[in-house]
Amino acid sequence: MNYPSILEEAWERHKAPREDNAPTVISLFAGCGGSSLGYSIAGFNERLAVEWDKNACDTLRTNFPDTPIYQGDIAELSVEKALELSNLVPGELDVLDSSVPCQGFSMAGNRIIDDPRNTLFREYVRLLQGLRPKVTIFENVPGLVKGNMKLTFVEILREL
């Protein structure tokens, strides 16, 4: 197979209807949908994408027209609202995926220890506790475990 045909096959899997028993996922800090696309290609049913950036949400809506999107400040998203939007009950979700903002941790940036985005992991933990998924994924950059940022990493581990 050549690369264009691999991409076409992946896109067709993304567009295919979900099985009734497809695993479920909620994506926090979803961005424009990179992780969402991976889950979709793998056959997951994304029940909710959470993102504050308008342009990213517009892209999500274009590529994931059947996925409910919460566009706004994650701190204002209650567990109850997330459950309502995703049509789930606590403990029913298969995967909670989170890619909290990395700008404050990244070696490519200024690495400001008190960047307000560095504390957004707390919103992930709050939703994790309320949704009680079977599995959670927390992704970030290597800079999170380097230098002074290790303090935040230890705090994240303690919370988890």
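Against which elements do the buried residues of H3 pack? In this predicted model, the buried residues of helix H3 pack against helix H2 (34–41) and against strands S2 and S3. The setting of this helix is described below, beginning with the sheet.

The sheet is open and consists of five strands in the order S3-S2-S1-S4-S5, with parallel pairing. Strand S3 (69–71) and strand S5 (135–138) occupy the edges; each has a single partner strand, so one side of each is left without a neighbour in the sheet. From one strand to the next, the twist averages 10 degrees. Strand S1 (residues 24–28) and strand S4 (residues 95–98) run parallel and are joined by four bridges. Within this pairing, leucine 28 stands opposite serine 98 in S4.

Helix H3 (residues 54–63) lies across strand S2 (45–51) and S3, and runs at about 165 degrees to S3. Ala56, Cys57 and Leu60 of H3 are buried. When the helix is seen down its axis, the buried residues of H3 fall within an arc of 100 degrees and therefore line one face of the helix. Asn55 and Thr62, on the other side of H3, are exposed. The N-terminal end of H3 is capped by aspartate 53, of which a side-chain oxygen lies 3.2 Å from the backbone nitrogen of asparagine 55. Asparagine 55 thus appears twice in the description of H3: as an exposed residue and as the partner of the capping aspartate 53 through its backbone nitrogen.

Two aromatic pairs are present in the structure. In one of them, the ring centres of tyrosine 39 and phenylalanine 44 are 5.0 Å apart and the ring planes stand at 70 degrees, so the pair is edge-to-face. Tyrosine 39 counts as buried because its relative accessibility is 11%, and phenylalanine 44 counts as buried because its value is 18%; the cut-off for burial is under 20%.

The rings of tyrosine 124 and phenylalanine 138 have their centres 5.1 Å apart and their planes at 45 degrees, so this pair is tilted. Distant parts of the chain are linked by the pair, with tyrosine 124 in helix H5 (residues 121–131) and phenylalanine 138 in strand S5, 14 residues apart. Tyrosine 124 is buried, with a relative accessible area of 1%, whereas phenylalanine 138 is partly exposed, with a relative accessible area of 25%. Strand S5, which holds phenylalanine 138, is one of the strands at the edges of the sheet.

Technical notes
Residues are numbered from 1 along each chain as its sequence is written. This is a predicted model: local features need pLDDT of at least 70, side-chain atom pairs count only at pLDDT 80 or more; totals for chains, interfaces and linings use all residues. Side-chain values use heavy atoms; hydrogens and water are left out. Two strands pair if DSSP finds at least two bridges between them. Helices (H or I, at least four residues) and strands (E, at least two) are DSSP runs, numbered from the N terminus. Axes are lines fitted to C-alpha atoms, for helices over the stretch in contact, and angles run from 0 to 180 degrees between N-to-C directions. Contact means heavy atoms within 4.5 Å. Buried means under 20% relative accessible area, exposed over 50%, partly exposed in between (1.4 Å probe, protein chains only). The arc is that of the directions from the helix axis to the C-beta atoms. A polar contact is a pair of N or O atoms within 3.5 Å; within protein, one must be able to donate a hydrogen and the other to accept it, and residues adjacent in sequence count only if both atoms are side-chain atoms. Rings of Phe, Tyr and Trp (its six-membered ring) pair if their centres lie within 6.5 Å; planes under 30 degrees apart count as stacked, over 60 as edge-to-face and the rest as tilted.
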